[in-house]
Amino acid sequence: MSEGIKALFLGGGSEVGKLGLVLEIDDIRLLLDYGISPTKPPSYPLPAPPVELTLLTHAHLDHCGMLPYLVKEQDVSIWSTDLTREISNILHIDSLKVAKVEGYAYPYDKIDVRETYHRVIPVKPFEKRSIGDIDLKTYPAGHIPGSLMYKLEDSSTNILFSGDINTRDTRLLLGTKPVKCDILFLEGTYSGRDHPDRDELEKEFIDTIEEVVSRGGIAIVPAFAVSRSQEIAMILSGAGFDVWMDGMGEKIAKILLRYPNYIRSEKKLRKALSEVKLVKTSQNRKKALKGEVILTTSGMLDGGPVLWYLEKLRRDPKSAVLLTGYQVEGTNGRQLLDKGSLDFYGVSQKVECQVYYFDFSAHAGHRELVEFAKGCSPEKIILFHSDNRKPLAEDLKDFAEVITPENGEVFEL
Ligand SMILES: [Zn+2]
């Protein structure tokens with residue numbers, strides 16, 4: 001790497017979404033993640049130049065959503081965990097369905113999605129490989145099951161690419177640990193924001209459901225299909241509520257159980273899932289409406305069964321919506337938080353249920369990111385995946401050179 005490393009963000013530099021990083025090391029050009037922003041319509045990163053290999057950190061659409069397009073354009077292999085391959089495949093198929101329903105053109109089709117699956121060469125956590133003269137090592141990222149960080153090393157320097165990370169333990173996963181490196185590419189989603197204490201948050205969540213149920217309402221818990229749905233099921237486990245689970249969360253849960261090495265406790269996840277009732281058919285949904293808690297997708301209320309339930313319950317002030325993740329600007333969930341209304345299949349309607357937000361984030365908060373970065377003891381930090389990098393950059397400057405590149409800007413390291 002002595003001749004200098006060239007880097008370029010195709011997307012996801014100064015924003016949370018559509019990540020793509022091109023790294024040129026020792027004449028080898030790599031692509032790290034290639035995602036879309038699943039807004040309506042979706043937003044895409046810049047086109048990728050020819051690359052020799054793609055490293056995928058995890059199965060979220062803003063990191064993996066554009067890979068079928070890459071595969072359509074280039075004969076390239078993708079490295080990721082086998083679990084990331086499985087979940088990405090489901091997300092790709094689902095995003096094609098969403099595009100069809102919403103009526104917008106998509107940059108790839110089913111054949112490209114199938115081909116993408118076959119191009120993945122699985123790697124394991126803590127595995128070592130070589131790419132030419134570069135040594136690669138993987139580390140678990142603590143973000144969602146199957147997520148990885150990648151460390152690239154040659155004779156003169158080394159780079160750690162964080163992808164998305166969480167350093168705190170959750171019910172589903174153990175948090176990640178710092179890895180010593182010279183150059184750190186660090187995600188900054190929570191720059192300037194800290195999370196509440198997890199135990200207190202879980203208690204508050206259960207207490208709120210208790211309150212809703214005891215006044216005769218239903219607690220609707222929208223959750224992301226990947227990771228969050230299963231984590232919430234684990235938090236609800238043993239609390240004694242009549243819980244119904246609907247949507248893609250169940251499908252993902254079954255996959256996680258096929259890859260138990262990536263989760264903290266297979267036994268506890270299995271137990272949690274055995275305690276929830278699954279909504280198998282739309283007929284079943286009426287039964288769920290007689291229960292106490294409905295755990296369903298989508299997490300930001302942009303489609304999914306959650307809208308069916310909310311259409312039925314929206315006039316009931318005794319019922320409540322308990323949001324379990326950050327609601328991005330422009331989503332239905334954000335509209336619910338800000339205006340108390342929801343877009344139901346094109347028609348905006350008032351929602352009289354109470355609305356709560358619980359910060360069950362899968363990302364490290366500001367203080368945790370600073371701690372993590374310190375532990376890595378890098379000389380340089382490149383901040384990305386953030387729409388507000390300044391507060392984090394300020395704190396990191398105390399111990400490293402901080403670089404905040406824009407999308408489309410080639411920079412040297
Ligand atoms: Zn992610």
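The exercises below, each with a worked solution, concern a predicted model of one chain. Residues are numbered from 1 along each chain as its sequence is written. In this predicted model, local features need pLDDT of at least 70 and side-chain atom pairs count only at pLDDT 80 or more, while totals for chains, interfaces and linings use all residues.

**Exercise 1. State how many helices and strands the chain has, and compare its radius of gyration with the globule rule.**

Step 1. The chain has 13 helices and 22 strands. Helices (H or I, at least four residues) and strands (E, at least two) are DSSP runs, numbered from the N terminus.

Step 2. The radius of gyration, taken over C-alpha atoms, is compared with a rule of 2.2 Å times the number of residues to the power 0.38. For 413 residues the rule gives 22 Å and the chain has 21 Å, so the chain is as compact as a globular protein of that length.

Step 3. The C-alpha trace spans about 65 × 45 × 40 Å along its principal axes.

**Exercise 2. Find how helix 3 and helix 7 are arranged, and which residues join them.**

Step 1. Helix 3 covers residues 82-102 and helix 7 residues 248-258; their axes are 10 Å apart, at an angle of about 155°. Axes are lines fitted to C-alpha atoms, for helices over the stretch in contact, and angles run from 0 to 180 degrees between N-to-C directions.

Step 2. Angles under 35 degrees count as roughly parallel, over 145 as roughly antiparallel, 65 to 115 as roughly perpendicular and the rest as oblique. Helix 3 and helix 7 are therefore roughly antiparallel.

Step 3. Glu86, Ile87, Ile90 and Asp94 of helix 3 meet Met248, Lys251, Ile252 and Ile255 of helix 7. A contact requires C-beta atoms, placed from the backbone, to lie within 7 Å.

Step 4. By class, this contact has 5 nonpolar, no polar and 3 charged residues. Here Ala, Val, Leu, Ile, Met, Phe, Trp, Tyr, Cys and Pro count as nonpolar, Asp, Glu, Lys and Arg as charged, and the others, Gly among them, as polar.

**Exercise 3. Describe the surroundings of helix 6 and its crossing with helix 8.**

Step 1. A residue is buried if 20 or more other C-beta atoms lie within 10 Å of its own, exposed if 12 or fewer, and partly exposed in between, with C-beta atoms placed from the backbone. In helix 6, 9 of the 9 residues are buried, so this helix is largely enclosed by the rest of the structure.

Step 2. Its buried residues pack against several elements, including helix 5 (198-214), strand 12 and helix 7.

Step 3. The axes of helix 6 (residues 228-236) and helix 8 (residues 266-274) come within 8 Å and cross at roughly 80°. The two helices are therefore roughly perpendicular.

Step 4. Gln230, Ala233 and Met234 of helix 6 touch Lys268, Leu269, Ala272 and Leu273 of helix 8.

**Exercise 4. Is Leu301 buried or exposed, and is Phe126 buried or exposed?**

Step 1. Most residues other than glycine have a negative phi, and most peptide bonds are trans. Phe126 has a positive phi of about 65°, and Leu301 has a positive phi near 60°.

Step 2. Leu301 lies in the loop between strand 15 and helix 10. Leu301 has 26 other C-beta atoms within 10 Å and is buried.

Step 3. Phe126 lies in the loop between strand 6 (120-122) and strand 7 (128-131). Phe126 has 10 other C-beta atoms within 10 Å and is exposed.

Step 4. Ser298 is also in the loop between strand 15 and helix 10, and the peptide bond from Thr297 to Ser298 is cis, with omega near 5°.

Terms used. Contact = placed C-beta atoms within 7 Å.
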